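This report describes selected features of the structure shown below. Please keep the sequence and the 3D view at hand while reading.

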Amino acid sequence: MLAEVSRHEDRTERTRAELAQQTRVGDALVRGLVRAQFALALRLSLVVAIGLGGLPWLFAVAPAVGRVTVLGVNLPWLLLGVASFPFLIAVGWAYVRLAERNEQDFTDLVQRPER
Amino acid sequence: MGNGFVVPAIVAVTLVTVGIGFYGLRLARTTSDFLVASRAISPTWNAAAIGGEYLSAASFLGVAGLILKYGVDVLWYPVGFAAGYLALLLFVAAPLRRSGAFTLPDFCELRLGSRRLRTLATVFVIFIGWLYLVPQLQGAGLTLATVTGSPYPLGALLVAVVVTANVALGGMRAITFVQAFQYWLKLTALAVPAIFLALQWQADARPAVTPPDGPAFRTATTVVVEHRATLTLPDGRIQEVRPGDELSFAAGDPVPEVSGVATDAADWLLPSTAGDDDRGLFATYSLILATFLGTMGLPHVLVRFYTNPDGAAARRTTLVVLALVGAFYLLPTIYGVLGRIYTPQLLVTGQTDAVVVLLPGAALGDGTTGRLLAALVAAGAFAAFLSTSSGLLTSVAGVISTDVLGRGSVRGFRLATVIAGAVPAVLALNLAGLDVSQVVGLAFAVAASSFCPLLVLGIWWRGLTDLGAAAGILVGGGAAVGAVLVTVFGPPLSGWPATLTAQPAAWTVPLAFTVMVAVSVATRRRAPADIGATMLRLHAPEALRL
């Protein structure tokens, strides 16, 4: 049991050293993390690009949308003036959660490389 | 204007700002303490401070003024100002904090190891900082002139002097307390009067924002014109007016149509549509690009991230900032909309930036409530000028003291602060006619076309080289700077040239990214040899303790 624990720590140490010394394994690990985080950021910006960035185009090609009123207020005013802010916060909240999960996966991988 | 509460309110805000500055002074001991506040600032304080620093004259006054003037199309300003923090969160916040860079020039040197690139970044930081400081000082001059009738230079100089002294003496720890206090002050100063304004609108039997016959004067009003304009009177006559002209209107008179202003209800109420004119759509997307991507390139925004203890904290702080800023931006729309009912004369005078300051008095009358609320709004406006100018000045002065004067001492920082504060003060006194929000929008466009590609590619792409980064900043940022100079100093343009220079981001941002990538690929041998170690440092979670 003790031997197993120390072997685990050896492996963790070795992976950290590989990261720090930029061996091929260490480099591949970092590339994987960077790719995962970048893909996450791109996916969420795509959500915003479609959700918000599509609005000017929508209003331009379908002027009828702008005349729809909800509770006496025209839809564009509600979407831009009110709804956009909680939407941005929700995307940001999702990003923080998912980015931290990516980092947790990376930490687990380094500390328990045998799995 | 006879409101006895305004001047005491402005004096109180200024004194509290200076007071907290001196309280901070006692805590500032060493240079490192002085510049980065020892990183001992809690995330909530830090987030409120970032929000306080960010919400400038453009947010507090300009957005409402634009909405009053142009309607739904300019709602993209507040949306973009808030969304900028989302882009910052997604692409920059955590890695930038982990890089250990304190300023943008620091980041250039850490990532690409080039002194010359560092110098180029310094030039852009100073340009953007000054471009952003001028409208803050102008806003101060305009506000003080509107509420007290003082000459325009007084407000501009007052803010310039208070901020310069405070930054020079207190450094950043003081500024953090000041900024956090000012976020809450600004939020209160818009939110409380907004509630009263909404109640007043109810009590007035909800007058229509866009009456079928166009906006009308509710009371007899005498208008003193401040900007040259062409008016179309209700009977179809066309009248040219010049600054100083006086026009009198009786209660119920329709507001004349003003050239360049969305007086027509449909123009104001509905988004611009496709058809014979695609410039509106281009300008909208340009504005979206500039504000979404420009925030991360603003010098005073980045400095703040260094005060987070680690990358994960930087991410959470940014999310809190996004929420705080988003909550604030719900409010200016209310002022812009109710301004159509209660202060239509601003459409004729052209001083729409004054709507936030004038609306409480106009809607609630001259009673004590109206005057107290007007004073509260004026105090909030001053908080906006003081806080944003402080943040900008701190970062411009930091860059000047380390990169231009080459001294890291407290004395060097103080000298740099005086230099950094004097230049925009002189500019603000000589460029009185610029529109607050437009200049701020141009600063965003320059930041989005220079530092945004540098940060995004530098953090995520191993292939970036020093030559690629420099070429991208010079071509993209340079094009945006050129557009700014043409807009501010050049001859009046019309048609596509006017749109391309007034809202340049939609072509300068892609240009900057393309040049940066192309030149980096062409010079790929120059990519730093230690890029692997740098990427590890930027992206490895702190939990590993490497």
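Helix α7 of chain B, which spans residues 104–112, is mostly covered, since seven of its nine residues are buried. This description, like the rest of the report, rests on a predicted model. Which residues of α7(B) are buried? At the start of the helix they are L104(B), P105(B), D106(B), F107(B) and C108(B), and the list is completed by R111(B) and L112(B). An α-helix has 3.6 residues a turn, so residues three or four places apart point the same way. After α7(B) comes G113(B), a residue with a positive phi, near 60°.

The helix belongs to a chain with 23 helices and five strands. Of the 546 residues in chain B, 60% are buried. The contacts of chain B may also be described by separation along the sequence: among those between residues at least 6 apart, 82% join residues at least 24 apart.

Chain A contains five helices and two strands. What pattern does chain A follow along the sequence? Its elements are arranged as α-α-α-α-β-β-α. Among contacts in chain A between residues at least 6 apart in sequence, those joining residues at least 24 apart make up 61%.

The table sets out the elements and buried share of each chain.

| Chain | Helices and strands | Buried residues |
|---|---|---|
| Chain A | five helices, two strands | 27% of the 115 residues |
| Chain B | 23 helices, five strands | 60% of the 546 residues |

Definitions and conventions
Residues are numbered from 1 along each chain as its sequence is written. Chains are lettered from A and ligands numbered from 1 in the order in which they are written. This is a predicted model: local features need pLDDT of at least 70, side-chain atom pairs count only at pLDDT 80 or more; totals for chains, interfaces and linings use all residues. Helices (H or I, at least four residues) and strands (E, at least two) are DSSP runs, numbered from the N terminus. A residue is buried if 20 or more other C-beta atoms lie within 10 Å of its own, exposed if 12 or fewer, and partly exposed in between; C-beta atoms are placed from the backbone. Two residues are in contact if their C-beta atoms, placed from the backbone, lie within 7 Å.
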